[in-house]
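Good morning, and thank you for making time for this item. I should like to take you through one chain, from its overall form to a few individual residues. Please have the display before you as we begin.

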Amino acid sequence: MPAELRTERRDATLLLTISDPPTRNALSEQVYAAGIEALDVAESATDIRCVVLQGEGKNFCAGGDINRLARRRLEPPSVSRQTVERFHRFIEALRVFPKPVIASVEGAAAGGGFSLALACDLIVAAEDARFAMSYGRIGLSPDGGGTWQLAQALPRQFVQRLLWLNEPLTARELQELCIVNWVTDSGEALSQALTIAARLAQTTAPNALASAKELLQQASRCSLTEHLASEQEHFIENLFHDNAGEGLAAFLGKRPPRFQ
């Protein structure tokens, strides 16, 4: 059976779990479809403030199922093209989702699994987590936006080495490169991710979180003049949102805000 995506509520957080431990939670079309649907539902649910994505058991996600990829070579290329397109729709859904998405990484995040973690807004990784693109070892090139995400954050020469030599990076190494945000003891990544999600839900207005995410997304493809105009529109819209009234009143009243 291919991997499935389980959903679970943890207070104001939606927990998404890729579940197929025997394959180290290899990706599947069921995961893509369920992930897109879950994010679509969560976007309109006002009581869901954050999403945490994890893999079941000791690994985050090993990327594509190698046996399934081998079988795909016996089918027309159009079949594989559709599968990659579905994966990419899931990646895009994570990037445009207006609420924070936190990756909770234990063990391996390899190939498409690494790309999936990079598509999240924040990454919490266990001390023993290992990240590798690993495509070249089986004669493939990256998908899932991994090269785009890494190129945005790191020097080209470093990324090229990572892609060509397939060297795994530790959570600490990626933290030094500002890719991983927090490193925890083994087995504690989910607990830390949920704590961060709860903190975001309690201390920052949802509309402010959404604006910050959208502005950051736009920044790399806008001129300064274009980006200043976009910041202005977001600022004015948020200033006249009810949450700004609550936030300002709470600050002046020296009390915690109660954002909606």
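Let me begin with a definition: a residue is called buried if its relative accessible area is under 20%, exposed if it is over 50%, and partly exposed in between, with a 1.4 Å probe and protein chains only. On that basis, 46% of the 260 residues of the chain count as buried.

Two remarks on the source. This is a predicted model, in which local features need pLDDT of at least 70 and side-chain atom pairs count only at pLDDT 80 or more, while totals for chains, interfaces and linings use all residues. Residues are numbered from 1 along each chain as its sequence is written, and side-chain values use heavy atoms, with hydrogens and water left out.

First, the overall form. The C-alpha trace spans about 65 × 40 × 35 Å along its principal axes. The radius of gyration, taken over C-alpha atoms, is judged against a globule rule of 2.2 Å times the number of residues to the power 0.38. For 260 residues a compact globule would come near 18 Å, and the chain, at 19 Å, agrees with this. The exposed area is about 14200 Å², of which carbon and sulfur atoms supply 55%; these areas come from the Shrake-Rupley method with a 1.4 Å probe, and for residues only the protein chains shown count as cover.

A contact here means heavy atoms within 4.5 Å. Among the contacts with a separation of 6 or more, 69% are between residues 24 or more positions apart.

Next, secondary structure. Helices (H or I, at least four residues) and strands (E, at least two) are DSSP runs, numbered from the N terminus. The chain has 11 helices and nine strands. Two strands are said to pair if DSSP finds at least two bridges between them.

At the start of the chain, strand 1 (residues 4–10) and strand 2 (residues 13–19) run antiparallel and are joined by seven bridges. Within this pair, Arg6 has Thr17 of strand 2 as its bridge partner. Two residues lie between the strands of this hairpin, and Asp11 takes a positive phi near 60° there.

I turn now to strand 6. How many residues of strand 6 (residues 122–126) are buried? Five of its five residues are buried. In a regular strand the side chains alternate between the two faces of the sheet. Here Leu122, Val124 and Ala126 point one way, while Ile123 and Ala125 point the other way, and all are buried. Strand 6 runs parallel to strand 4 (residues 101–105), with four bridges between them; Val124 is the bridge partner of Ser104. Strand 6 also pairs with strand 9 (residues 182–184) in the parallel sense, over three bridges, and in that pairing Ala125 stands opposite Val183.

There is also an open sheet of three strands, in the order 5-7-8, with mixed pairing. Strand 5 (108–110) and strand 8 (169–170) are at its edges with a single partner strand each, so one side of each has no neighbour in the sheet. Strand 7 (residues 130–132) pairs with strand 8 in the antiparallel sense, over two bridges, and Phe131 has Leu169 as its bridge partner.

Phe131 leads us to Phe114, in helix 4 (residues 112–119). Is Phe114 buried or exposed? Phe114 has a relative accessible area of 0%, so it counts as buried. Leaving aside residues up to four places away in sequence, Phe114 touches Ala109, Phe131, Ala132, Met133, Leu150, Leu162 and Leu174.

Another buried residue is Glu246, with a relative accessible area of 16%, in helix 11 (residues 242–252). With the residues up to four places away again not counted, Glu246 touches Arg255, Pro256, Pro257, Arg258 and Phe259.

Finally, two backbone details. Most residues other than glycine have a negative phi. Asn166, although not a glycine, has a positive phi of about 55°; Asn166 lies in the loop between helix 6 (156–165) and strand 8 and is buried at 12% relative accessibility. Cys178 likewise is not a glycine and has a positive phi of about 65°. Cys178 is in the loop between helix 7 (171–176) and strand 9, and with a relative accessible area of 64% Cys178 is exposed.

Thank you; I would welcome your questions.
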